[in-house]
Amino acid sequence: MEEQQRELDERELADNQLHFKQVIWKSILLALIPAGIHVGHLLIAPEAFKVYWPYTLVVLIVGSIASCYVLVAKNRCPICNKGFGRYIPTQRSPNCPGCGSKIV
Ligand SMILES: [Zn+2]
């Protein structure tokens with residue numbers, strides 16, 4: 001695919017801003033909520049934790065995988081489709097590192 005810079009209009013930029021905000025929140029919450037459940041369970045009910053920890057650990061692992069999936073599948077440049085990895089474009093750094101287009 002040809003990698004070239006493209007100007008996005010206001011509406012596309014606004015859509016992208018919303019999209020990448022959702023990527024940030026989903027990846028954080030999917031990682032943090034299961035971790036909170038796992039650790040919170042240990043702190044609140046250590047006796048029950050001895051029995052139920054494998055279940056909360058599974059939730060933790062599934063959440064981490066889902067978090068990585070969001071970053072890999074959704075955190076991409078809408079123009080050149082390059083994956084960003086841990087980099088998430090925001091209004092402070094609005095350009096794609098791949099094609100250089102302003103995307104948010
Ligand atoms: Zn790009």
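Okay, let's start with one residue, F20. It has 21 C-beta neighbours inside 10 Å, so it counts as buried; the cut-off for that is 20 or more. Bear in mind that this is a predicted model.

Where does F20 sit? In helix 1. And what does F20 touch, once you leave aside its neighbours within four places in sequence? Its contacts are then I88, P89, T90 and V104. For a sense of distance, take S64: F20 and S64 are 44 residues apart in sequence, and C-alpha to C-alpha they are 18 Å apart in space.

Now, the helix around it. F20 has company, since the buried residues of helix 1 are F20, S27, L30, P34 and H38. Helix 2 is part of what covers those buried residues.

I also did a quick sanity check on length. Helix 1 has 35 residues, so at 1.5 Å a residue you'd expect a span of 51 Å. In the model, the end C-alpha atoms of helix 1 are 48 Å apart, which agrees.

Next, the packing. Helix 1 covers residues 10–44 and helix 2 covers residues 46–74. Their axes are 8 Å apart, and the angle between the two helices is about 170 degrees. That makes helix 1 roughly antiparallel to helix 2, because anything over 145 degrees falls in that class. What's in the contact of helix 1 with helix 2? By residue type, we get 17 nonpolar, seven polar and two charged.

So, back to where we came in: F20 is a buried residue, and it lies in helix 1. That's my bit, thanks.

Key
Residues numbered from 1 in each chain as written. Predicted model: local features only at pLDDT ≥ 70, side-chain atom pairs only at ≥ 80, totals over all residues. Axes fitted to C-alpha atoms, helices over the stretch in contact; angles between N-to-C directions. Helix = DSSP H or I, 4+ residues; strand = E, 2+ residues; numbered from the N terminus. Parallel < 35°, antiparallel > 145°, perpendicular 65-115°, else oblique. Nonpolar A, V, L, I, M, F, W, Y, C, P; charged D, E, K, R; others polar. Expected span 1.5 Å × (residues − 1). Buried ≥ 20, exposed ≤ 12 C-beta atoms within 10 Å, placed from the backbone. Contact = placed C-beta atoms within 7 Å.
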